[in-house]
Amino acid sequence: GGESKKIIESSQSGICTETGDENQLASSIMKLFSLEKKAIEQMGINGRNFYEKHFNKEKLLDKMDAYFT
């Protein structure tokens, strides 16, 4: 589990595996290799969009300002 897994899955920006499960890791790597380039690029776009929406420094500072004022 964990917060990283939630972010990756909700943003559709990658594939997660359970810690210590080398078979699942190998399977996930093979899945990535089998994806079309466009699907992999979309994962990157999704990750960037999630970052911009949720972790952008300026937006976080604006949220803090709103909270404390």
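Buried residues account for 9% of the 69 residues in the chain. The structure described here is a predicted model. The chain holds four helices and zero strands, and its elements run α-α-α-α from the N terminus on. A compact globule of 69 residues would have a radius of gyration near 11 Å, whereas the chain has 16 Å. Along the principal axes, the C-alpha atoms fill a box of roughly 50 × 30 × 15 Å. The accessible surface of the chain comes to about 5,900 Å², and carbon and sulfur atoms contribute 56% of this area. Among contacts between residues at least 6 apart in sequence, 32% join residues at least 24 apart.

Helix α1 covers residues 3-11 and is followed by a loop that leads to α2. Within helix α1, the side chains of E9 and K5 form a salt bridge, with 3.9 Å from N to O. E9 and K5 are four residues apart in this helix, so about one helical turn separates them. E9 is partly exposed, because its relative accessible area is 47%. K5 is also counted as partly exposed, because its relative accessibility is 23%. The pair belongs to a wider arrangement, since K5, E9 and E18 are linked in a network of salt bridges.

The loop between α1 and α2 contains Q12. The phi angle of Q12 is near 55°, which is a positive value in a residue other than glycine. Q12 has a relative accessible area of 56% and is therefore exposed.

Helix α2 spans residues 22-34 and includes F33. Three residues of this helix illustrate different degrees of exposure: S28 is buried at 10% relative accessibility, L32 is partly exposed at 34%, and F33 is exposed at 69%. The cut-offs behind these labels are under 20% for buried and over 50% for exposed. S28, which lies in helix α2, touches I15, C16 and T17 when residues up to four places away in sequence are not counted. L32 is likewise placed in helix α2. With neighbours within four places in sequence left aside, L32 is in contact with I15, I40 and M43. I15 thus appears among the contacts of S28 and among those of L32. The C-alpha atoms of L32 and G14 are 8.8 Å apart in space, although the two residues are 18 apart in sequence. F33 takes part in a nonpolar patch on the surface, together with L25, I29 and M30. The accessible area of these residues together is about 450 Å².

Helix α3 consists of residues 37-54, and Q42 is placed within it. Q42 is partly exposed, because its relative accessibility is 38%. Q42 and S13 are 29 residues apart in sequence, while their C-alpha atoms are 7.6 Å apart in space.

Salt bridges also occur in helix α3. The side chains of E41 and K37 meet in one of them, at 3.8 Å from N to O. E41 and K37 are four residues apart in helix α3, so they are separated by about one helical turn. E41 is partly exposed, with a relative accessible area of 43%, and K37 is exposed at 63% relative accessibility. The side chains of E52 and R48 meet in another salt bridge, at 2.9 Å from N to O. E52 and R48 are four residues apart in helix α3 as well, and about one helical turn therefore lies between them. E52 counts as partly exposed, because its relative accessibility is 27%. A search of the whole structure finds four salt bridges.

Helix α4 is made up of residues 57-68. At 1.5 Å a residue, the 12 residues of this helix should span 16 Å. The C-alpha atoms at its ends are 17 Å apart, which agrees with that expectation. The number of buried residues among the 12 of α4 is zero, so this helix lies largely in the open.

Methods: Residues are numbered from 1 along each chain as its sequence is written. This is a predicted model: local features need pLDDT of at least 70, side-chain atom pairs count only at pLDDT 80 or more; totals for chains, interfaces and linings use all residues. Side-chain values use heavy atoms; hydrogens and water are left out. Helices (H or I, at least four residues) and strands (E, at least two) are DSSP runs, numbered from the N terminus. Buried means under 20% relative accessible area, exposed over 50%, partly exposed in between (1.4 Å probe, protein chains only). The expected span of a helix is 1.5 Å times one less than its number of residues. Patches are made of residues with over 30% relative accessible area and no salt bridge: like charges are joined within 9 Å, nonpolar side chains (Val, Leu, Ile, Met, Phe, Trp, Tyr) within 5 Å. Accessible areas come from the Shrake-Rupley method with a 1.4 Å probe; for residues, only the protein chains shown count as cover. Contact means heavy atoms within 4.5 Å. The radius of gyration is taken over C-alpha atoms; the globule rule is 2.2 Å times the number of residues to the power 0.38.
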